[in-house]
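Here is a short tour of a protein chain for you to follow with the structure open beside you. Take the points in any order you like.

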Amino acid sequence: MPCAGSARLFLATAAEEGCELSPSLRAAAMATGPPPPLEPVPLPVFAEEGFGDKFLRKTRENPLVPLGCLCTLGVLTYGLISFKRGNTRRSQLMMRARILAQGFTFAALLGGMVVTAMKSRQ
């Protein structure tokens with residue numbers, strides 16, 4: 001008999017198929033005892049990461065997202081200043097530019113997610 005697990009598997013398979021086993025074979029298979037307990041697998045330990053560390057790591061992974069956010073903020077600020085000064089034409093132009101900057105930021109975010117997903121598959 002090679003090992004205890006194969007004897008138990010043999011008994012289970014024979015029982016499923018409706019085969020009758022001799023009492024001596026059944027006794028030999030059951031005498032092997034219970035299977036050994038599983039050894040605990042150690043869990044990975046992760047270091048605590050603060051906001052600044054996480055921000056820098058994410059910025060290094062996908063630098064276009066913070067750049068897009070800064071562009072959006074700059075265009076929005078300039079548009080609001082133009083609106084306050086009464087230059088409605090420039091204000092409207094800046095609000096349209098803000099939409100483009102937000103679209104760029106969103107595309108950069110999606111692109112970064114795709115690249116990260118492709119890296120994790122490899």
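Buried residues make up 16% of the 122 residues in this protein chain, and please keep in mind that the model is predicted. The chain has 5 helices and 0 strands, so its pattern along the sequence reads α-α-α-α-α. Among contacts with a separation of 6 or more, 49% are between residues 24 or more positions apart. The points below go through helix 4, helix 5, some residues on them and the largest pocket.

**Helix 4**

- Helix 4 covers residues 64-85 and has 22 residues.
- From its first C-alpha to its last, helix 4 reaches 31 Å, close to the 32 Å expected at 1.5 Å a residue.
- Which residues of helix 4 are buried? They are Val65, Pro66, Gly68, Thr72, Val75, Gly79 and Ser82.
- The cover over these buried residues includes helix 3 and helix 5.
- Just after helix 4 comes Gly86, which takes a positive phi of about 95°.

**Helix 5**

- Helix 5 covers residues 88-121, and its end C-alpha atoms are 50 Å apart.
- That distance agrees with expectation, because 34 residues at 1.5 Å a residue should span 50 Å.
- In helix 5 the buried residues are Ser91, Met94, Ala101, Thr105, Ala108 and Gly112.
- Helix 4 is included in what covers the buried residues of helix 5, just as helix 5 is included in what covers those of helix 4.

**Thr72 and Thr105**

- Thr72 is found in helix 4, while Thr105 has its place in helix 5.
- Is Thr72 buried or exposed? Thr72 has a relative accessible area of 13%, so it counts as buried, the cut-off being under 20%.
- Thr105 is at 13% relative accessibility and therefore counts as buried by that cut-off too.
- Leaving aside neighbours within four places in sequence, Thr72 is in contact with Arg98, Ala101, Gln102 and Thr105.
- With the neighbours within four places again set aside, Thr105 is in contact with Val65, Gly68, Cys69 and Thr72.
- The two threonines therefore appear in each other's contact lists, where contact means heavy atoms within 4.5 Å.
- Within helix 4, a polar atom of the Thr72 side chain lies 2.8 Å from the backbone oxygen of Gly68.

**Phe104**

- Phe104 is also found in helix 5.
- How exposed is Phe104, and what is its class? Its relative accessible area is 39%, so Phe104 is partly exposed, a class that lies between 20% and 50%.
- Not counting residues up to four places away in sequence, Phe104 touches Leu64 and Gly68.
- Phe104 and Cys69 are 35 residues apart along the chain, and their C-alpha atoms are separated by 9.1 Å.

**The largest pocket**

- The largest pocket has a volume of about 390 Å³.
- It is lined by 15 residues, and those closest to its centre are Lys58, Glu61, Asn62, Val65 and Leu109.
- Which elements give two or more residues to this lining? They are helix 3 (51-61), helix 4 (64-85) and helix 5 (88-121).
- Helix 5 gives the most to the lining, with 6 residues.
- Sorted by class, the lining has 7 nonpolar, 4 polar and 4 charged residues.
- One of the residues closest to the pocket centre, Val65, is also among the buried residues of helix 4 and is a contact of Thr105.

Conventions
Residues numbered from 1 in each chain as written. Predicted model: local features only at pLDDT ≥ 70, side-chain atom pairs only at ≥ 80, totals over all residues. Heavy atoms only, no water. 1 Å grid on protein atoms, 1.4 Å probe; cavity = no way out; pocket = protein on both sides within 12 Å on 5 of 7 lines; lining within 4 Å. Points joined across faces, edges and corners; volume = space filled by probe spheres on them. Helix = DSSP H or I, 4+ residues; strand = E, 2+ residues; numbered from the N terminus. Nonpolar A, V, L, I, M, F, W, Y, C, P; charged D, E, K, R; others polar. Buried < 20%, exposed > 50% of the residue type's maximum accessible area, 1.4 Å probe, protein only. Polar contact = N/O pair within 3.5 Å; in protein donor to acceptor, adjacent residues only side chain to side chain. Expected span 1.5 Å × (residues − 1).
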